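Open the model in your viewer and keep the selection tool at hand. This tour moves from charged pairs to one helix, then to a surface patch and the whole chain.

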Amino acid sequence: MIYDFSWHIGGVAHDPELSETYGIVGLPHARNGVDIYTMYSTGYGIPAMSRQPELAWELLKALAIPSSEEAKRAYWGLPITRTLAKELGRTDNPWWGPALYAMERIEKNAYLSNQVWNLSRQQINLDIEAMMKGEAEVQETLARWAEIVS
């Protein structure tokens, strides 16, 4: 069992032996029956100080939106648009369907919406580790976080 949004789908979906052995399911519904998905995002970026921003932009487009037929066949990532998903033949694919379904229902969570929280993540990681080791009080730590992000 792998609990990991879409990272492994490309490798499994294209391997006939694995795709017949394994399956994919979406996340369970919330208590009220509503689908709730949040996103942790990663991405590429072009630094403002880039010496070759045009070349960097071309690389970014090639990585995010494959243009040639060969690149589309090799593209294993989650399509960034419904149009690209259609072009790649993934809208009705049993492996990509649950991921695309979730993408249409994603809500921004506090982590992405709050810039202070996002910029504080290294300290938050250290705080979580300290709480796990019993070196910090949970209630005090949560109260401090609430004060920081409000």
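A salt bridge here is a side-chain nitrogen of Lys or Arg within 4 Å of a carboxyl oxygen of Asp or Glu. Before selecting anything, note that this is a predicted model: local features need pLDDT of at least 70, side-chain atom pairs count only at pLDDT 80 or more, and totals for chains, interfaces and linings use all residues. Residues are numbered from 1 along each chain as its sequence is written, and side-chain values use heavy atoms, with hydrogens and water left out.

**Stop 1: Glu 58 and Lys 61**

How many salt bridges does a search of the whole structure find? The search gives three. Select Glu 58 and Lys 61 to see one of them: their closest N and O atoms are 3.2 Å apart. Both sit in helix α3, three residues apart, about one helical turn. Helices are DSSP runs of H or I with at least four residues, strands are runs of E with at least two, and both are numbered from the N terminus. In general, an α-helix has 3.6 residues a turn, so residues three or four places apart point the same way.

Now color by accessibility. Buried means under 20% relative accessible area, exposed means over 50%, and partly exposed lies in between (1.4 Å probe, protein chains only). Glu 58 is partly exposed at 45%. Lys 61 is partly exposed too, at 34%.

**Stop 2: Asp 127 and Arg 144**

Select Asp 127 and Arg 144. Their salt bridge has its closest N and O atoms 2.9 Å apart. Asp 127 belongs to helix α9 and Arg 144 to helix α10 (residues 138-149), so the pair ties together parts 17 residues apart in sequence. Is Asp 127 buried or exposed? Asp 127 is buried, with a relative accessible area of 7%. Its partner Arg 144 is partly exposed at 36%.

**Stop 3: helix α9**

Select residues 121-132. These twelve residues form α9, which reaches 16 Å from first C-alpha to last, close to the 16 Å expected at 1.5 Å a residue. The expected span is 1.5 Å times one less than the number of residues.

Which residues of α9 are buried? They are Ile 124, Asp 127, Ala 130 and Met 131. Look down the axis: these buried residues fall within an arc of 120°, so they line one face of the helix. The arc is taken from the directions from the helix axis to the C-beta atoms. On the other side, Gln 122 and Met 132 are exposed.

Next, pick Glu 129 and Lys 133. Their side chains meet in a salt bridge (2.9 Å, N to O). Glu 129 is partly exposed at 39%, while Lys 133 is exposed at 53%. Step on to Gly 134, just after α9: its phi is positive, about 80°.

**Stop 4: a nonpolar patch**

Show the surface of Tyr 44, Leu 59 and Leu 63. Together they make a nonpolar patch of about 330 Å². Leu 63 is in helix α3 (residues 53-64) and is partly exposed, at 37% relative accessibility.

**Stop 5: the whole chain**

Zoom out. The protein has ten helices and two strands. From the N terminus, the order is α-α-β-α-α-α-α-β-α-α-α-α. Of its 150 residues, 20% count as buried.

Definitions and conventions. Patch = residues over 30% accessible without salt bridge, like charges linked within 9 Å, V, L, I, M, F, W, Y side chains within 5 Å. Areas by Shrake-Rupley, 256 points an atom, 1.4 Å probe, with all protein chains shown as cover.
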